[in-house]
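Here is a short tour of one helix and of one residue in another helix. Have the model open and follow along.

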Amino acid sequence: MKRGKYSLVIFLLPSLLFLSIFTYYPIFYSFYLSLTRFDMLTPKPIFQGFKNYITFFQDPIFWQVILNNVIYGLLTIFPTMFIALILAILIDETKKFKTFFRLGLFYPLLIPYAAAAMVWVFMYDPSLGIINKFLRLLRLPEHGWLGDPRYSLLSIIIMTIWKNVGYYMLIYLAGLQNIPTNLYEAVKIEGAGWFKTHYYITFPLVGPITLFIFVISIIQSFKVFTSVYLMTEGGPGYSSNVLIYYTYEYAFKFWQIGKAAALTSIMILTLLFLVSIVFGLFGKRITYSVM
């Protein structure tokens, strides 16, 4: 028995070593830097306690950035998951052109984020963009999408939904293949309609996949950087600035590494808290088996 335990430790050691060097050490070192003053004027970190955190909590711009991140998360996670599930159900029920629809919806994910962002920048262009041309055709008011504080964040949200919905759709589609067909046949015999069939059969049985997608969507909502950097640079003002881009600005524009580390620590702790809440609330309520 002891020999088996030692073998287990030996096999886990390379992974633990890798994680310790490239994950755990950077996280703890970043937390240490967040407690220091470390910038262009102080080339060596000077310990100052929680001053960086207090400064941010008293800064209205920081709370604007947090609000932007919350809005971005809410308006990307739930619509993307809902659209992906509905598309997966419709494609699963389609008898023809399944491969065409799957490839067509998955294709945006294959486009690099930088290229996708630049395509949407052109589409959002006030004079040449296809979106304003379409609005002009319908005699609807046009907008300066990326240059208007009211629509800049919404523009990034729309692009993100378009980019991610195909990926989540494929995951849901794979999960639908594991649902026994006899369950659908049984509810059809009982006379259940389309909505009731999926509400009582499909939605509960794709619960584990929904939980998985929900968690990675939360993580992805805090990782949005490329689209913000290329499309708006957090502007106009701070209307589309989010936490990770705000961290980038402090680290590589203002060269205030201590404050950037504080923002990083806030982001990590927030993610840990949110993921723990999700697993605590929904983890035990998920249906993992049809038996």
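Phe195, Lys196 and Tyr200 are the exposed residues on one side of α9, and this is a predicted model, so take the picture as such. Turn to the other side of α9 and you'll find Thr197, His198, Ile201 and Thr202, which are buried. Seen down the axis of α9, these buried residues stay within an arc of 110 degrees, so they line one face of the helix. The general rule behind that kind of pattern is simple: with 3.6 residues a turn, residues three or four places apart in an α-helix point the same way.

What sits over the buried residues of α9? The cover includes α3 (60–93), α7 (152–176) and α8 (181–189). As for the helix itself, α9 runs over residues 194–205, 12 residues in all. From first C-alpha to last, α9 reaches 16 Å, close to the 16 Å expected at 1.5 Å a residue.

Now over to α3, one of the helices in that cover. Thr76 is found in this helix. Is Thr76 buried or exposed? Thr76 is buried, because its relative accessible area is 5%, which falls under the 20% cut-off. Its side chain has a polar atom close to two backbone oxygens:

| Backbone oxygen | Distance to a polar side-chain atom of Thr76 |
|---|---|
| Tyr72 | 2.6 Å |
| Gly73 | 3.3 Å |

Which residues does Thr76 touch, leaving aside neighbours within four places in sequence? Thr76 is in contact with Ile157, Thr160 and Ile161.

Note on methods: Residues are numbered from 1 along each chain as its sequence is written. This is a predicted model: local features need pLDDT of at least 70, side-chain atom pairs count only at pLDDT 80 or more; totals for chains, interfaces and linings use all residues. Side-chain values use heavy atoms; hydrogens and water are left out. Helices (H or I, at least four residues) and strands (E, at least two) are DSSP runs, numbered from the N terminus. The expected span of a helix is 1.5 Å times one less than its number of residues. Buried means under 20% relative accessible area, exposed over 50%, partly exposed in between (1.4 Å probe, protein chains only). The arc is that of the directions from the helix axis to the C-beta atoms. Contact means heavy atoms within 4.5 Å. A polar contact is a pair of N or O atoms within 3.5 Å; within protein, one must be able to donate a hydrogen and the other to accept it, and residues adjacent in sequence count only if both atoms are side-chain atoms.
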